[in-house]
Amino acid sequence: MNPVYDFKGQVALVTGASSGMGLASAKAFAQAGAAVALVDLDAGKLGTAVEALKAEGHKVIGIECDVADEAQAKAAVERTVAEFGRLDMAYNNAGILGPMCEMSQETLEGYEQTQAVNLRGIWTFMKYELRQMKQQGSGAIVNCSSLGGLVGLPGRAAYHASKHGVIGLTKSAALDVAAHGIRVNAVCPGCIDTPMGSEINPEAMKVFLKEQPIGRMGRPEEVAAAVLWLCSPGASLIVGVALPAEGGFVAH
């Protein structure tokens, strides 16, 4: 049973919000009473997600955006504030797997695309989220790192580099703004049952799950529960943390 949060009168922004952990988190914020801006590059899936939430009576908007583009990120945050009047919570979730091969076989194009989405995409949004939150004197941000931000696995160098970077970015930003009433943390999901997770080779997945003590993939809603807690008053003393949500993989 998950805790019940009251986010009425508050505003949340979620990137990568058309599916997986982003959509689960957007739904959870909305169900807790927040107005939510769903941000995603896929206009079709984004529209479907927004309409479904509106049909349930939630106050939401959809914003098509390439998170790696600073101008688009700035515009997305500004539109959210223009629509809802403020910004209290953000889950910077958008990400890609990038090349899955031995590092010596990675291409520069694949490496740079992975860093652009996974790392620069969080930098771009957090930059403008923090500007708004500093004006308000309050706010909470959760950045999506990964199990890959805590450990190394073969064949994933570009991805792991980006996700390690997210943790460093999170910790530094957290120290920048803690005195302004703003908390910045990261969540580190492991193997989660999402469209991205389905891109992983099934045989590789079987091997991986043998090392995951709970013996199963995580659910997007389980990550969303961690995100909402980190944004809630219940986590008021949590600053600059990279919270594992991976079924115990890093415990051994």
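In the predicted model, both faces of strand E5 are covered, with Gly-139, Ile-141 and Asn-143 buried on one side and Ala-140, Val-142 and Cys-144 buried on the other. In a regular strand, side chains point alternately to the two faces of the sheet. Strand E5 spans residues 139-144, and 6 of its 6 residues are buried, that is, under 20% relative accessible area.

Strand E5 pairs with strands E4 and E6. Strand E4 (residues 89-92) runs parallel to E5 and is joined to it by 4 bridges; within this pairing, Ala-140 of E5 is the bridge partner of Met-89. The connection from E4 to E5 passes through helix H4, giving a right-handed β-α-β crossover. On the pairing with strand E6 (residues 182-189), 6 bridges are found, and the two strands are again parallel. Here Val-142 lies opposite Asn-185 of E6. Helix H5 (residues 157-177) carries the chain from E5 to E6, and this β-α-β crossover is right-handed.

These pairings belong to an open sheet of 7 strands, arranged in the order E3-E2-E1-E4-E5-E6-E7 with parallel pairing. The edges are occupied by strand E3 (60-64) and strand E7 (242-245); each has a single partner strand, so one side of each lacks a neighbour in the sheet. On average, and with direction ignored, neighbouring strands of the sheet are turned by 15° against each other. Strand E4 also pairs with strand E1 (residues 11-15), in parallel and through 3 bridges. In this pairing, Tyr-91 of E4 is the bridge partner of Val-14. Helix H7 (residues 220-231) packs on the sheet and touches E4, E5, E6 and E7. The direction of H7 makes about 165° with that of E6.

Helix H4, which forms the crossover from E4 to E5, is also in contact with helix H3. The packing of two helices is described by the angle and the distance between their axes. The axes of H3 (residues 70-84) and H4 (residues 108-136) come within 8 Å and cross at roughly 35°. This crossing is right-handed. On the H3 side, the contact is made by Glu-70, Ala-73, Lys-74, Ala-76, Val-77 and Val-81. Helix H4 contributes Trp-123, Thr-124, Phe-125, Lys-127, Tyr-128, Glu-129 and Gln-132. By class, the residues of the contact comprise 7 nonpolar, 2 polar and 4 charged.

Key: Residues are numbered from 1 along each chain as its sequence is written. This is a predicted model: local features need pLDDT of at least 70, side-chain atom pairs count only at pLDDT 80 or more; totals for chains, interfaces and linings use all residues. Side-chain values use heavy atoms; hydrogens and water are left out. Axes are lines fitted to C-alpha atoms, for helices over the stretch in contact, and angles run from 0 to 180 degrees between N-to-C directions. A crossing is left-handed if the near helix is turned anticlockwise from the far one by less than a right angle, and right-handed if clockwise. Contact means heavy atoms within 4.5 Å. Ala, Val, Leu, Ile, Met, Phe, Trp, Tyr, Cys and Pro count as nonpolar, Asp, Glu, Lys and Arg as charged, and the others, Gly among them, as polar. Buried means under 20% relative accessible area, exposed over 50%, partly exposed in between (1.4 Å probe, protein chains only). Two strands pair if DSSP finds at least two bridges between them. A crossover is right-handed if, with the strands pointing away from the viewer, the path from the first strand over the helix to the second runs clockwise.
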